[in-house]
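Got the viewer open? Here is a short tour, one selection at a time.

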Amino acid sequence: MVSVAELDRRLKRILEGSTADVRVEGEISGLRVVGSGHAYFTLKDESEEAAIDCVMYRTAAPRARKLLADGARVVLTGRATVYVPRGRLQFSADDARLAGRGALLEALFRLKEKLAAEGLFAPERKRKLPVDPQIIGVVTSGDGAAIHDIVTVAFRRGGARLILARTPVQGAGAGQRIVRAIALLEEFPGIEVIIVGRGGGSADDLSAFNEEIVVRKVAAARVPIVSAVGHEIDVALTDLAADARAATPSQAAEMLVADAAARRAALEHLEARMRRAIAHRLRGARADLDRQRARLGSPAQILAEPQQRIDDAMARLRRRMERILVEDRAALQRLERRLAARHPRAVLAGARGALRPLSVRLAAAAHRHVALLREGFAGDVARLEAMSPLRVLARGYAIATDGSGRAVRDHREVAPGDPIAVRVHHGALLARVVVTAGPDEPLVEGHAHAPAAAAAAAAAAPAPPARQGGGPRAASGRAPRRKRTQPGAPACEQLGLGFAAEEHAPTLGRAGAAGQVSVGQGGAEAGPEERHHVER
C-alpha cells in the first residue's frame, strides 16, 4: 500500500520519463500571468473537444514567454507532469514557437483590421468625457460584480445618478442584447456618458465585446462611451472603439464621478494654501513696507542728508578754490620775479657789471701780452743785431757782390774786368776786377792769371754803363751763372744788403786787393761823399 503523495510522485516520474521533450500543438486560452512571473493557460485542440492545463515558469526564455497570447496557435516543447499538491495533470512548457493563429484569433484579427481600415479606432474621432457628469448610464449584468463596484465607487465619491440597462454580457445572443441596451440609454433624457463593461473572465467570456455589431454601436453612440471590459490585461475591440478605456469597472466610475470628499479636501487644502499665501504675502508686504519706511526715513532727514552732502561739497570746493588761488598767486609771483630778472635794464646792468671786470682783465692781459711781445721783440732785435752783417761792416769789413747781386766768396766766381759792388759800413762802392788770386797766391798786378796786355787793355777801355740785374759777363759772352739762394738773404734784405735792398751790398775785398771802383753806379744809391773813382 502506498500513500497518495507517493502515488502522485510515481505518476510524475513515469509521465516525465515517458514524455520528455515532447512537442504539443494547440490554441492558447485563458492565459493568466501571476505576479511571480509564471504563466498559466489552457491548450485546446482545435479539431476535438480536448484540453490540457499548461504552465510556463519564469525561468523559460523571455522570447518564448512573449509569444503567449489568448487565441495564439503555438507549438510547446516540454513534458507532462503531475502537480503533486493538487494531483492535477499539467504540461510544463520550456519553449514555445508560433504555429499560426487559432480560428477564433484569426477571425478576431481580420475583424480588427477591417474596422481599423474604416477608421473606427482613429484617435481623432474620440470625444472628450464630460466633467462631473450628473447622469451616467451603465450597460452590464444586473447581478454581476461590475455593477456592484460601479455603484460603490460612484456613491462613495459623489453620489452621481446611475441608470442601469440590464443585459447578459456572455453567451449566445449577448452581443445583440448589449447593442439594444446602449440604444435604450441613448434615448434616456439627460444622459451624459455610458459605461459598457463587465468583470474579468476568459477569452470566451469576453467574446461578446469583440463582436462587430457591438463595436460599431460603441463607435457610433450619440454620447461618449467608456469601455471597462475585464481586467487590465484584457483587451477587447470595444476598448479600441470607445472614447475612453478603463482597466476595470471601478476605474471607469472613478474616471467619471468626481470624488466629493477629495474635492472638498482639495478645496480646503487650496483654501488653506491661499490663506497661508495671503498671510505670507501680507507679512512680506508689511516687512517690505517697514524696510522701505526705514530706508526712506522722515522727509526732514531725507532733505538733511543731501543738504549736508552739499555743504561738504561746497566746503571742499571752497578749500580747493583757495588752494588753487594760492598756487596761482605763487606761480604768478615766480613768473614776475623771472620776468623782472629778464628785464632789459636788469640784463644790461648785469652785462655791464660782468663786462667791467672782463674789460679790466682784458686790458691787463693786453698789456701783459704787449709787454711780452716787446720783450720778445727786443730779444729778437738783440739777437738779430748780434748776427747782423752791419756790425761786421762796422769793424772795417766789406761785402762784394757780382753783377747778379750774389756775394762773391771765391776768386774764381769773377774774372778780371767784371764789375763788382762793394758794401761798406757807410755806403757802397762800384769797382771792376783788375786781377784775381787764390788764397796762397800773391795779389799783384801782372800775375799769370792777368797778363799785362789784358790788364792794360782793360784799364784803357772805358767803363761800361751800370746794369740792373746783370754784369759785364753778359757782354763778354759767358753764360750767366745759376742764381743760388743764400742762407742769409732774408736778413740781408731786411737790412738793405740783398737784391731787393735799398742798396747793393758791395763785395768784401781782401786786404791788399786792387781794382777800379766806380762810385755811385749800380742799382743802389751811394752816399755823396763816396761818388769818386778809386784806382789802384
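## Stop by stop

First stop: the surroundings of helix α4. Bear in mind throughout that this is a predicted model. Select β6 (135-140), β7 (161-166), β8 (193-198), α8 (249-256) and α9 (260-296): these are among the elements that cover the buried residues of α4.

Now select α4 itself, residues 145-157. Its 13 residues, at 1.5 Å a residue, should span 18 Å, and the C-alpha atoms at its ends are indeed 18 Å apart, so the two figures agree. Which residues of α4 are buried? Colour A146, I147, I150, V153, A154 and R157 and you have them. They take up an arc of only 140° around the axis, which means they sit on the same side of α4. Pick a second colour for A145, H148, F155 and R156, which are exposed on the other side of the helix. Then step past the end of α4 to G159, where phi is positive, near 70°.

Next, go to helix α1, residues 4-18, and click on L11. L11 is partly exposed, because its relative accessible area is 38%, which lies between the 20% and 50% cut-offs. Add V2, L7 and I14 to the selection: with L11 they make a nonpolar patch on the surface, and together the four have about 340 Å² of accessible area. While you're here, select E6, R9, R10 and R13 as well, since a network of salt bridges links them.

That leads to the other charged pairs. How many salt bridges are there in the model? The count is 17, and three more are worth a click.

Start with R127 and D243, whose side chains meet in a salt bridge at 3.1 Å, N to O. This pair joins distant parts of the chain, 116 residues apart: R127 is in the loop between α3 (103-117) and β6, while D243 is in the loop between α7 (237-241) and β10 (244-245). Is each partner buried or exposed? R127 is partly exposed, because its relative accessibility is 29%, whereas D243 has a relative accessible area of 8% and is therefore buried.

Move on to K217 and E186, another salt bridge, with the closest N and O atoms 3.1 Å apart. K217 belongs to helix α6 (residues 212-220) and E186 to helix α5 (residues 174-186), so the bridge ties together parts that are 31 residues apart in sequence. E186 is buried, because its relative accessible area is 9%.

The third pair is R245 and D239, again with 3.1 Å between the closest N and O atoms. R245, at 31% relative accessibility, counts as partly exposed. D239 has a relative accessible area of 5%, so D239 is buried.

For the last stop, select L111 in helix α3. What does L111 touch, once its neighbours within four places in sequence are left aside? Show N210, E211, E212 and L237, the residues in contact with it. Draw a C-alpha to C-alpha distance from L111 to E211 and you should read 8.6 Å, although the two are 100 residues apart in sequence. L111 counts as buried, because its relative accessibility is 13%, and the cut-off for buried is under 20%.

Notes
Residues are numbered from 1 along each chain as its sequence is written. This is a predicted model: local features need pLDDT of at least 70, side-chain atom pairs count only at pLDDT 80 or more; totals for chains, interfaces and linings use all residues. Side-chain values use heavy atoms; hydrogens and water are left out. Helices (H or I, at least four residues) and strands (E, at least two) are DSSP runs, numbered from the N terminus. The expected span of a helix is 1.5 Å times one less than its number of residues. Buried means under 20% relative accessible area, exposed over 50%, partly exposed in between (1.4 Å probe, protein chains only). The arc is that of the directions from the helix axis to the C-beta atoms. Contact means heavy atoms within 4.5 Å. Patches are made of residues with over 30% relative accessible area and no salt bridge: like charges are joined within 9 Å, nonpolar side chains (Val, Leu, Ile, Met, Phe, Trp, Tyr) within 5 Å. Accessible areas come from the Shrake-Rupley method with a 1.4 Å probe; for residues, only the protein chains shown count as cover.
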